[in-house]
Amino acid sequence: MTNPNPLRVLFISAEADPFVKIGGLGDVAGSLPPALRSLTSFSPAGEAESPAQMDVRLVIPFHGIINRNNFRISRLTSVEVAHTSGPLVAEIYQTDLNGLPVDLIGGDPIPPFAPVYSSDWGFDAHKYIFFSLAALELARKIGWQPHIVHANDWHTAAAVYWLSLHRQDEFFRNTATVLGVHNLPYMGVGASFPLESFFLPPAIGSPLPVWAQHLPLPLGLLSADHIVTVSATYAKEILTPEFGAGLDEFLRSRTDKISGIVNGLDQQRWNPSVDAHISVTYSADSVRVRDANKAALLNEIGFVNQINKALENHIPLLAMISRLDYQKGVDLTVEALNKLASQASKSAPSWRMIFLGTGLPELEQMVRKLEQKYPDRIRSIVRFDAPLSHRIYSGADMLLLPSRYEPCGLAQMIAMRYGCIPVARATGGLNDTITDAIVNKSGTGFLFSEALPEALMRAIYNGLDVYSNQNRWRAMQRRCMQQDFSWEESARRYQRLYYSLIKKGENL
Ligand code: ADP
């Protein structure tokens, strides 16, 4: 029997795969709402399960980049958003994602020619505040009273702030708010004027630092009923000066409202047993088959010495698939590899490395130069190439992830699912998804603590050492491939959180 009053979640995001995806937020918003919707039971911690279904709506902006031909989109209604220049009209369109209702919001502040994120901060702030408030007005217009408004990052934090300023609003009287933090340092600079023009005043006199009192993300952090970061370690890290982006002291005063729930991984998109991009498909039971993929990859990137092909395959192949950004520690990798290469001697272990990434021009230059310096060891492929990324995950031996900070991170989970062993800094989601094989017999990777090239080098050496024992290596690959990174467990944790926030008196 279906519950006549299911828990209703309004999930608001700037992007959601498969409609539009720029980064990790798009993955989460495309995967979590369907995962929430497919839960059919609820079990509070330690208690028996009972049947329960959630009613979830996903709301995203109708960005110009969304390909209308790929989805059945129809016009639903229009709403007005209050603005000092007079009400602004939002046009609401509707489609669905395997049954999950998806609303797309258009209107003058979201012109079709505008990129999802531009370099014009004031423009983006106006767009996303309009979008956030229109999402709430949409719920009101169709009489769909959410128990939870789940906003994400600075783009939609204004919805959370608006709700806290309108606690007396009859329609939203039973609505609790959750703010997802996918990347703390992006707070919505340039939003001061747009916020006020949508009647959202700065939080003067609040516990926020003065510089943060008129920025959307801090205002959301101030007013959300609960804050969720995308990993448990990141939830702790943002309380420290190193990761807190200036808000650590304020966040320490809200610790009871902060928790971390690690993201899952799309199990269909990333599946080596059916992946059409790779030479040979395989599973944990047939991990040796990866050798064929490695050989094909070496060939593709021009690393094969035709005289001794078999020997080539035994040289460990390292890889990095990443945005080329300081956050990702690309500079640390280049420095570490420079040192490793210069130490190379007959007794030192051999290795090769492939970079796949685009990003900051200076880092692109840095990886290109490294290839020029060590053409026999390094390949630097400076482009975005999703099919090639699949072939690297399925053929390389280790993936380097020396991130300075990593709220969750997907690449390490993909790597493990493909039997490519992560060598990573123990931060954020990397710390929560990888177990170090040096301290733990059932480890799944090699972790290091300090964001220093020497620390990365040591972790690479640990990896090369284990690699030289092929039985141990294969066992580690199998363990990696058997990890459960599905969305179901994370969705259950969100479900538990939502139920814990339900306003008293609600009969669900
Ligand atoms: P972030 O979202 O911070 O960039 P994640 O690890 O969460 O980092 O996700 C990165 C995703 O982008 C992974 O799926 C990775 O494979 C992919 N990726 C990064 N750079 C490239 C590239 N140059 N070509 C193809 N895929 C890439």
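**Ligand shell and two sheets in a predicted model**

Q: How far is an oxygen atom of the ligand from an N or O atom in the side chain of Arg323?
A: In this predicted model, Arg323 belongs to the residues that come nearest to the ligand, together with Lys328, Arg383, Asp385 and Tyr393. The pair in question joins an oxygen atom of the ligand to an N or O atom in the side chain of Arg323, and the distance between them is 2.8 Å.

Q: Which residue places a polar backbone atom 2.9 Å from a nitrogen atom of the ligand?
A: Lys328 approaches the ligand through its side chain, a polar atom of which lies 2.8 Å from a ligand oxygen atom. The contact to a nitrogen atom of the ligand, at 2.9 Å, is instead made by a polar backbone atom, and that atom belongs to Asp385.

Q: What percentage of the ligand's accessible area does the protein cover?
A: One contact to the ligand is the 2.8 Å pair between a ligand oxygen atom and the polar side-chain atom of Lys328. Taken on its own, the ligand has 570 Å² of accessible area, and the share of this that the protein covers is 87%.

Q: Which element gives the largest share of the shell around the ligand?
A: Two elements, helix H12 (386-395) and helix H13 (411-417), each give two or more residues to this shell. By class, the shell has 9 nonpolar, 5 polar and 4 charged residues. The largest share, 3 residues, comes from H12.

Q: Why is one side of strand S5 and of strand S11 left without a neighbour in the sheet?
A: The sheet is open, with mixed pairing, and its 9 strands run in the order S5-S6-S7-S4-S1-S8-S9-S10-S11. Strand S5 (74-81) and strand S11 (258-260) are therefore left with one free side each, because they stand at the edges and each has a single partner strand.

Q: Which residue of S7 is the bridge partner of Asp96?
A: Strand S6 (residues 88-97) and strand S7 (residues 100-107) pair in the antiparallel sense over 8 bridges. They form a hairpin with 2 residues between them, and Asn98 in its turn has a positive phi of about 45°. Among the bridges, Glu91 is partnered with Gly106, whereas the partner of Asp96 is Pro101.

Q: In the hairpin of S5 and S6, which residue takes a positive phi?
A: S5 and S6 pair in the antiparallel sense over 7 bridges, and one of the bridge pairs sets Thr77 opposite Ile92 in S6. The hairpin has 6 residues between its strands, and the residue with a positive phi, near 115°, is Gly86.

Q: Which are the edge strands of the open sheet of 6 strands?
A: This sheet has parallel pairing and follows the order S14-S13-S12-S15-S16-S17. An edge strand here pairs on one side only, and the two that do so are strand S14 (378-381) and strand S17 (446-448).

Q: What angle does the direction of H12 make with that of S12?
A: Within the sheet, strand S15 (residues 398-401) and strand S16 (residues 421-425) pair in the parallel sense over 4 bridges, and Met398 stands opposite Ile421 in S16. H12, which also gives 3 residues to the ligand shell, packs on this sheet and touches strand S12 (317-321), strand S13 (352-356), S14 and S15. The angle between the directions of H12 and S12 is about 145°.

Conventions: Residues numbered from 1 in each chain as written. Predicted model: local features only at pLDDT ≥ 70, side-chain atom pairs only at ≥ 80, totals over all residues. Heavy atoms only, no water. Near = heavy atom within 4 Å. Polar contact = N/O pair within 3.5 Å; in protein donor to acceptor, adjacent residues only side chain to side chain. Areas by Shrake-Rupley, 256 points an atom, 1.4 Å probe, with all protein chains shown as cover. Nonpolar A, V, L, I, M, F, W, Y, C, P; charged D, E, K, R; others polar. Pairing = 2+ DSSP bridges. Contact = heavy atoms within 4.5 Å. Axes fitted to C-alpha atoms, helices over the stretch in contact; angles between N-to-C directions.
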